[in-house]
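Here is a friendly walk through one protein model, meant to be read with the structure open beside you. Let us begin with its pocket.

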Amino acid sequence: MTKQNPLGSHLSYALAAAHRTVNQLLSARLKKHGIQIEAWRVMECLDAGEKLTMCELAKQALLNPPALSKLVDRMVSDGLVHRQISTADQRQINLLLTNLGRTRMLQIRQDVEDEDRALTDQFNTQDGALLIQLLSKIG
């Protein structure tokens, strides 16, 4: 007989369990590109075309600033992004995708979209849209 998880009735646990599953599935897809989920999020943010400061990027990519700095160092070394001094404020640094970074982003995006479709196929269209709407209300 399987024992029921006492945490299963808590919303916070259900969200954490779903996050873990989604993270594992997406990580497996991105592994073939040699990219971590956090790097993909940074690349997506930069591909939107806005010149973001490191602080703005950290917030959008869901990373703490020290972790972002280390990740960006690796991404610069890999030739995916480059730093540019902000024209608005010389004390700030903007990040931009390189041509290689943009090319890799397009390859990665297809796998991410495929994973999103696999997830949304578990719901009907209305349920998937409702789930996104409800989750966006948190935080």
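The largest pocket has 31 lining residues, and His19, Val22, Asp116, Leu119 and Leu135 are the ones that lie nearest its centre. Before going further, please note that this is a predicted model, in which local features need pLDDT of at least 70 and side-chain atom pairs count only at pLDDT 80 or more, while totals for chains, interfaces and linings use all residues. Residues are numbered from 1 along each chain as its sequence is written, and side-chain values use heavy atoms, with hydrogens and water left out.

The volume of the largest pocket is about 1,100 Å³. A pocket here is an open set of points on a 1 Å grid over the protein atoms alone, where a 1.4 Å probe fits, with protein on both sides within 12 Å along at least five of seven lines; lining residues have an atom within 4 Å of a point. The volume is the space filled by probe spheres set on the points, which are joined across faces, edges and corners.

Which helix gives the largest share of the lining? Helix 1 does, with 11 residues. Helix 1 (11-31), helix 2 (37-47), helix 5 and helix 6 (125-136) each supply at least two lining residues. Helices are DSSP runs (H or I, at least four residues), numbered from the N terminus. By type, the lining has 20 nonpolar, 8 polar and 3 charged residues. Nonpolar covers Ala, Val, Leu, Ile, Met, Phe, Trp, Tyr, Cys and Pro, charged covers Asp, Glu, Lys and Arg, and polar covers the others, Gly among them.

Now for three single residues and their surroundings. Buried means under 20% relative accessible area, exposed over 50%, and partly exposed in between (1.4 Å probe, protein chains only).

| Residue | Place | Relative accessibility | Class |
|---|---|---|---|
| Aspartate 111 | helix 5 (residues 99-120) | 9% | buried |
| Leucine 62 | loop between helix 3 (54-60) and helix 4 | 64% | exposed |
| Aspartate 73 | helix 4 | 41% | partly exposed |

Leaving aside neighbours within four places in sequence, aspartate 111 is in contact (heavy atoms within 4.5 Å) with Arg29, Lys32 and His33. Leucine 62 has a phi near 60°, a positive value in a residue other than glycine.

Finally, helix 2 and helix 4 (residues 65-77) pack at about 80° with axes 11 Å apart, and are therefore roughly perpendicular (65 to 115 degrees). Their contact involves Glu38, Ala39, Val42 and Met43 of helix 2 and Leu68, Leu71 and Met75 of helix 4.

How values were computed: Axes are lines fitted to C-alpha atoms, for helices over the stretch in contact, and angles run from 0 to 180 degrees between N-to-C directions. Angles under 35 degrees count as roughly parallel, over 145 as roughly antiparallel, 65 to 115 as roughly perpendicular and the rest as oblique.
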